[in-house]
Structure formats: structure tokens, C-alpha cells
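Subject: The structure you asked to see

Hi,

Here is the structure for you to open and turn around. Have a look at it first, and then read on for what turned up in it.

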Amino acid sequence: MAISSRTIAEKVVIRAVSMDEDGVRSLSRHARARVLVPAILRPVCATAVLVSAYFLLPFTTVDNLRTVSLVVGGLAVVCAVYVWQIRRVLRAEYPVAQAVEALAVTVGVYLVAYATTYFLLSQSGPDNFSEVLTRLDALYFTLTVFSTVGFGDIVASTETARAVVSAQLIGNLILISLGIRVLTASVRWRRKPGIARDSAAP
């Protein structure tokens, strides 16, 4: 079954609504803006910085021996960012807003990491894909794999490239299913009576 970005958004919205939106709706308009605006701007700015670095940093090649290290290292960074975001959710005054922000930041890091891997693979071995990928092509291919659209205009042609694509497909399932569940569990734990008081205590 295809998993689209719309499906992800729907899941996040359903989780947020089912948790009474942290009581954000009961806040005044000004107080609500102070909660929601940073929760939107931070992941947008973080993603903008990541994408800018992706297009501007002077990296061009990687050999096949380093491909596994690159994938493992990228996934380690994604996991570190995710764990850090979970800790922020567990300490947040408005955990649902923080959870949505955490998911957005983690997905941004995840996509840029894979786009970088695909670009380097293509530059180091033109036969890895059906065509040589530019940075934009690699980001586009990453998004099609993430959304499982599969236009077929760019195809992994070697075992190395297909292994990396397979790793991303597995990562997609883990990030979407397990990732959202863990964030949801973190929000519920944070909102238990007494947890907020204990967390706020010096």
C-alpha cells in the first residue's frame, strides 16, 4: 500500500486532534501565536538550512566502499536528531505542538541525508542510476521514493544503488509507523497528571 505525504499529514492531524490539541485552543489569540508560530518556523528554518547546505557544500564523489558508512552515518544522525526531539517533547509545555515540530525536523534531516547519498553515488558511478543525477535530481528521486510515487523516470541500476533505495524504503516504514507511534506515546506520557508538575519542578 502506498504511503503518501498526505497520509502522514492526516495521521499527525488526527493524533493532535485526539489529544485535545494540548489545550492550545483555549489560549488567547496572542498566547496561541506564541506557541504555534515557533513550532512552525523552527522546522521550516531548519529544513531551509539543510537544503541550502545540500546545494552549496562542495561534496562531489564517494567510492562504493564508503557508501555503507555514509548510509549508516546518515541514519545515525537521523536517530540522534529524533532522540533529541523526543527529549524535547517529554519536557515541552505543549507536547503535541512539539511532536509535530519533531516529526518535521526529523523528516527533513532524513530526506536530505538520502538525497546526499544518491547524489554522491551517481557522481562516483554514473551507472548506479539510469541517468547521472544532479543535486536537484537526487532530491527529487528521494522524494519520489519517500512518497512511494515511483514515476520510473529515474531508476537504480546497480546492486549498490538498489541496496541504498531498499534501506530508504525500510526507513520510510519505520519513520512513518514507529516514529509517529513513539512521538504519540511520548506526548501521552508527558500529559499524564503529575508528569508536567514533576518536569517543571527545579
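Which residues have the most contacts inside the largest nonpolar core? They are Tyr54, Tyr110, Tyr118, Phe129, Phe141 and Leu183, and the core has 40 residues. A nonpolar core here is a set of buried Ala, Val, Leu, Ile, Met, Phe, Trp, Tyr and Cys residues joined through side-chain atoms within 4.5 Å. Helices α3 (64–91), α4, α5 and α6 (159–190) each supply at least two residues of this core, and α4 gives the most, with 16 residues.

Some housekeeping before the details. This is a predicted model, in which local features need pLDDT of at least 70, side-chain atom pairs count only at pLDDT 80 or more, and totals for chains, interfaces and linings use all residues. Residues are numbered from 1 along each chain as its sequence is written, and side-chain values use heavy atoms, with hydrogens and water left out.

The overall picture

The protein has seven helices and zero strands, so from the N terminus on you just read α-α-α-α-α-α-α. Helices (H or I, at least four residues) and strands (E, at least two) are DSSP runs, numbered from the N terminus. Of the 202 residues, 42% count as buried. Buried means under 20% relative accessible area, exposed over 50%, and partly exposed in between (1.4 Å probe, protein chains only). The protein exposes about 11500 Å², and carbon and sulfur atoms supply 66% of that; the areas come from the Shrake-Rupley method with a 1.4 Å probe, and for residues only the protein chains shown count as cover. Among contacts (heavy atoms within 4.5 Å) between residues at least 6 apart in sequence, 75% join residues at least 24 apart.

Helix α4

Helix α4 (residues 95–124) has 30 residues and reaches 43 Å from its first C-alpha to its last, close to the 44 Å expected at 1.5 Å a residue. That expected span is 1.5 Å times one less than the number of residues. Because 25 of its 30 residues are buried, α4 is largely enclosed by the rest of the structure.

After α4 comes the loop between α4 and α5, where Gly125 lies. Gly125 is buried, with a relative accessible area of 9%. Its C-alpha is separated by 9.8 Å from that of Ala161, 36 residues apart along the chain.

The aromatic rings

Rings of Phe, Tyr and Trp (its six-membered ring) pair if their centres lie within 6.5 Å; planes under 30 degrees apart count as stacked, over 60 as edge-to-face and the rest as tilted. By this rule there are eight aromatic pairs. Tyr118 and Phe129 make an edge-to-face pair, at 5.9 Å centre to centre and 90 degrees between the planes. This pair links distant parts of the chain, with Tyr118 in helix α4 and Phe129 in the loop between α4 and α5, 11 residues apart. Both Tyr118 and Phe129 are buried. They also belong to one aromatic cluster with Tyr110, Tyr114, Phe141 and Phe146.

Helix α5

What does Phe141 touch, leaving aside its neighbours within four places in sequence? It is in contact with Tyr118, Phe129, Ile154 and Val165. Phe141 is one of the buried residues of α5, and Ala138 is among them too. Because 10 of the 13 residues of α5 are buried, this helix is largely enclosed by the rest of the structure. From first C-alpha to last, α5 reaches 18 Å, close to the 18 Å expected.

Ala138 sits in α5 (residues 135–147) and counts as buried because its relative accessibility is 0%. Not counting residues up to four places away in sequence, Ala138 touches Tyr54, Ala115, Tyr118, Phe119 and Leu133.

Just after α5, Thr148 takes a positive phi of about 55 degrees, although Thr148 is not a glycine. Thr148 lies in the loop between α5 and α6 and is partly exposed, with a relative accessible area of 33%.

Out on helix α3

For contrast, try Val72, which lies in helix α3. Is Val72 buried or exposed? With 52% relative accessibility, Val72 counts as exposed. The C-alpha atoms of Val72 and Ala167, 95 residues apart along the chain, are separated by 9.9 Å.

Happy exploring!
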